[in-house]
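Let's take a walk through a protein model, starting with its charged side chains and ending with a helix. Have the sequence and the 3D view handy.

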Amino acid sequence: MSAMNSDITYMEEALRLAAEAEADGEVPVGAVVVWQDQIVGRGRNRVITDLDPSAHAEMLAIREAAKAIGNYRLNDATLYVTLEPCPMCAGMLVHSRITRLVYGAADPKTGAAGSLLNLVQHAGLNHQIEVTAGVLQDAASEMLSTFFKVRRDAKKRLRQLSPKS
């Protein structure tokens with residue numbers, strides 16, 4: 001299987017996990033860690049479910065991968081995630097020594113892999129990560145846009161229904 005085909009295959013799994021997160025009322029972000037052509041970690045946003053601000057898809061996938069391979073260093077592993085990582089997750093990627101990051105949708109407000117800032121390739125850090133952006137970007141962006149539109153519309157309806165003081 002070519003690199004681009006495997007990128008698409010693994011990103012499709014991340015999108016499936018993002019849909020699970022959305023079904024639970026979470027922001028739809030999913031992630032998988034691939035090591036030696038095997039998925040060794042899966043994660044989806046669970047911030048609300050777990051009442052844990054660190055329960056981002058990337059964090060959960062990395063934690064599971066580290067346990068699966070028996071090492072907190074994930075050399076030669078690739079993280080596939082539907083949304084560009086935030087600074088917290090980007091820092092964890094550097095510390096875990098992920099070799100490659102593949103993401104779908106860019107995040108111009110909090111993205112730390114090139115959009116807002118670039119922690120994963122910062123020359124001052126002891127590890128830099130190869131980045132491939134935009135894999136299945138349209139599908140990832142659409143899922144996020146739809147989620148936030150539904151959320152905004154629901155808030156608007158609530159404001160319209162609530163009595164004025």
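**Charged partners**

Start with E20 and R44: their side chains form a salt bridge, with the closest N and O atoms 3.3 Å apart. E20 sits in helix α1 while R44 belongs to strand β2, so this pair ties together parts of the chain that are 24 residues apart in sequence. Keep in mind as you look that this is a predicted model.

Is R44 buried or exposed? With a relative accessibility of 15%, R44 counts as buried, because the cut-off for that label is under 20%. Its partner E20 has a relative accessible area of 32%, which makes E20 partly exposed.

E20 has another partner, too. R16 forms a salt bridge with E20, and here the closest N and O atoms are 2.5 Å apart. Why do these two line up? An α-helix has 3.6 residues a turn, so residues three or four places apart point the same way. R16 and E20 are 4 residues apart in helix α1, so about one helical turn separates them. R16 counts as partly exposed, at 39% relative accessibility.

Now look at E13 and R42, whose side chains meet in a salt bridge at 2.9 Å, N to O. This pair also links distant parts of the chain: E13 is in helix α1 (residues 3–23), R42 is in strand β2 (residues 38–44), and the two are 29 residues apart. E13 counts as buried at 16% relative accessibility, whereas R42 is partly exposed, with a relative accessible area of 35%.

How do these pairs fit together? Follow E20 and R44 again, joined by their salt bridge. Salt bridges with shared partners join E13, R16, E20, D24, R42 and R44 into one network. The count for the model comes to 9 salt bridges.

**Over to helix α3**

Next, move along to helix α3, which covers residues 57–69. At 1.5 Å a residue, its 13 residues should span 18 Å, and the end C-alpha atoms are indeed 18 Å apart, so expectation and model agree.

Which residues of α3 are buried? They are A57, E58, M59, L60, A61, I62, A65 and A66. What covers these buried residues includes strands β1 (30–35), β2 and β3 (77–83), along with helix α4 (87–96). You've met β2 already: R42 lies in that strand, as does R44.

Finally, look just past the end of the helix. G70 follows α3, and its phi is positive, near 75°.

Notes:
Residues numbered from 1 in each chain as written. Predicted model: local features only at pLDDT ≥ 70, side-chain atom pairs only at ≥ 80, totals over all residues. Heavy atoms only, no water. Salt bridge = Lys/Arg side-chain N within 4 Å of Asp/Glu carboxyl O. Buried < 20%, exposed > 50% of the residue type's maximum accessible area, 1.4 Å probe, protein only. Expected span 1.5 Å × (residues − 1). Contact = heavy atoms within 4.5 Å.
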